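Visitor: Here is a model with its ligands. Please take me through the contacts and the terms behind them.

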Amino acid sequence: MCESKLHGVAGLPDYGTRTDEITIFAGPCSIESQEQFDEVAECVAANGLHWIRGGAYKPRTNPHSFQGLGEEGLKIMKNAADRFGLKTLTEVMDSEHISLVQNYCDGIQIGARNFQNFSLLKNIGIATSKTKTMVLFKRGFAGTIAEWLAATEYLTTNGNDNVILCERGLRTFETATRFTLDISAVPVIHKQSLYPICVDVSHPAGVRDLVPALARTAIAAGADSLMIEVHPDPQSAKSDGPQQLTPAQFTDLMEDLREIAAVFGKKLV
Ligand code: PEP
Ligand code: MN
């Protein structure tokens with residue numbers, strides 16, 4: 001069992017685990033083909049970054065939508081990541097896929113729709129208790145911060161406290177954006193816990209032209225990490241096309257964000 005990283009735990013400083021590095025998790029929403037993934041991996045590596053993301057099992061609202069390539073997708077991701085020297089992050093939706101995904105990936109994402117799937121959280125905690133595989137745990141779109149931190153304990157009490165929390169927007173009355181980004185979650189998580197916080201700037205935006213402003217804001221608020229979706233040809237994307245940046249747009253944004261991060265004495269990795 002791991003120690004809780006909730007605020008006030010004896011022996012741990014309030015802001016202990018965060019660093020001067022901002023980890024960028026970039027990559028397409030879905031892994032679609034080797035060519036598609038290679039192009040993004042090349043761009044991520046060329047920007048001096050370390051992680052690539054991509055979905056092989058997709059939580060789609062409609063069962064007729066593209067569901068992901070499954071293990072074939074994981075192979076594509078691992079293949080590209082090895083050639084470009086990157087670490088891999090993918091979503092796990094089912095307990096039965098945890099060990100398979102661990103054969104290919106360095107990080108496990110738990111998506112917003114599984115925020116309170118406690119048996120999945122528990123099984124991921126148990127399965128990663130020895131490896132301490134990084135778990136990126138997204139907030140549900142109707143979840144409070146208190147519920148989020150409580151749910152995190154399903155991972156930590158079962159053996160893995162290598163957790164990054166990820167704010168990805170809430171469902172509110174506002175329809176101008178896909179979700180309402182709760183930027184306050186960044187300082188609140190910093191105040192109430194020791195976990196690093198990632199801000200997914202693509203899913204709340206819903207459209208790519210809003211992504212840069214949300215990314216700048218997240219860094220200014222103190223985010224430890226950002227998630228950004230990138231696709232070589234967003235028009236043809238099998239999921240989340242409108243919000244994905246092209247590699248050229250992503251490279252421009254990284255240039256911009258590097259300067260903003262430097263103001264806070266941080267660097268993008
Ligand atoms: C994703 O990261 O592609 C995804 C499905 O995210 P979320 O769980 O935040 O909707
Ligand atoms: Mn997506």
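Visitor: What makes the pair between Gln 109 and ligand 1 a polar contact?
Guide: A polar contact is a pair of N or O atoms within 3.5 Å; within protein, one must be able to donate a hydrogen and the other to accept it, and residues adjacent in sequence count only if both atoms are side-chain atoms. An N or O atom in the Gln 109 side chain is 3.0 Å from an oxygen atom of ligand 1. That fits the cut-off of 3.5 Å. Lys 138 has a polar side-chain atom 2.8 Å from a ligand 1 oxygen. For Arg 168 the distance is 2.6 Å.
Guide: This is a predicted model, where local features need pLDDT of at least 70, side-chain atom pairs count only at pLDDT 80 or more, and totals for chains, interfaces and linings use all residues. Side-chain values use heavy atoms, without hydrogens and water, residues are numbered from 1 along each chain as written, and chains are lettered from A and ligands numbered from 1 in written order.

Visitor: What makes Cys 29 a donor of the manganese ion (ligand 2)?
Guide: Donors are N, O and S atoms within 2.8 Å of the metal (3.2 Å for Na, K and Ca); water is not among the atoms, so sites may look incomplete. Cys 29 (SG), His 203 (NE2), Glu 229 (OE) and Asp 240 (OD) lie 2.0 to 2.4 Å from the manganese ion.

Visitor: Why is Glu 229 called buried?
Guide: Buried means under 20% relative accessible area, exposed over 50%, partly exposed in between (1.4 Å probe, protein chains only). Glu 229 has 0%, so Glu 229 is buried.

Visitor: Is Asp 240 buried or exposed?
Guide: Asp 240 has 17% relative accessibility, so Asp 240 counts as buried.
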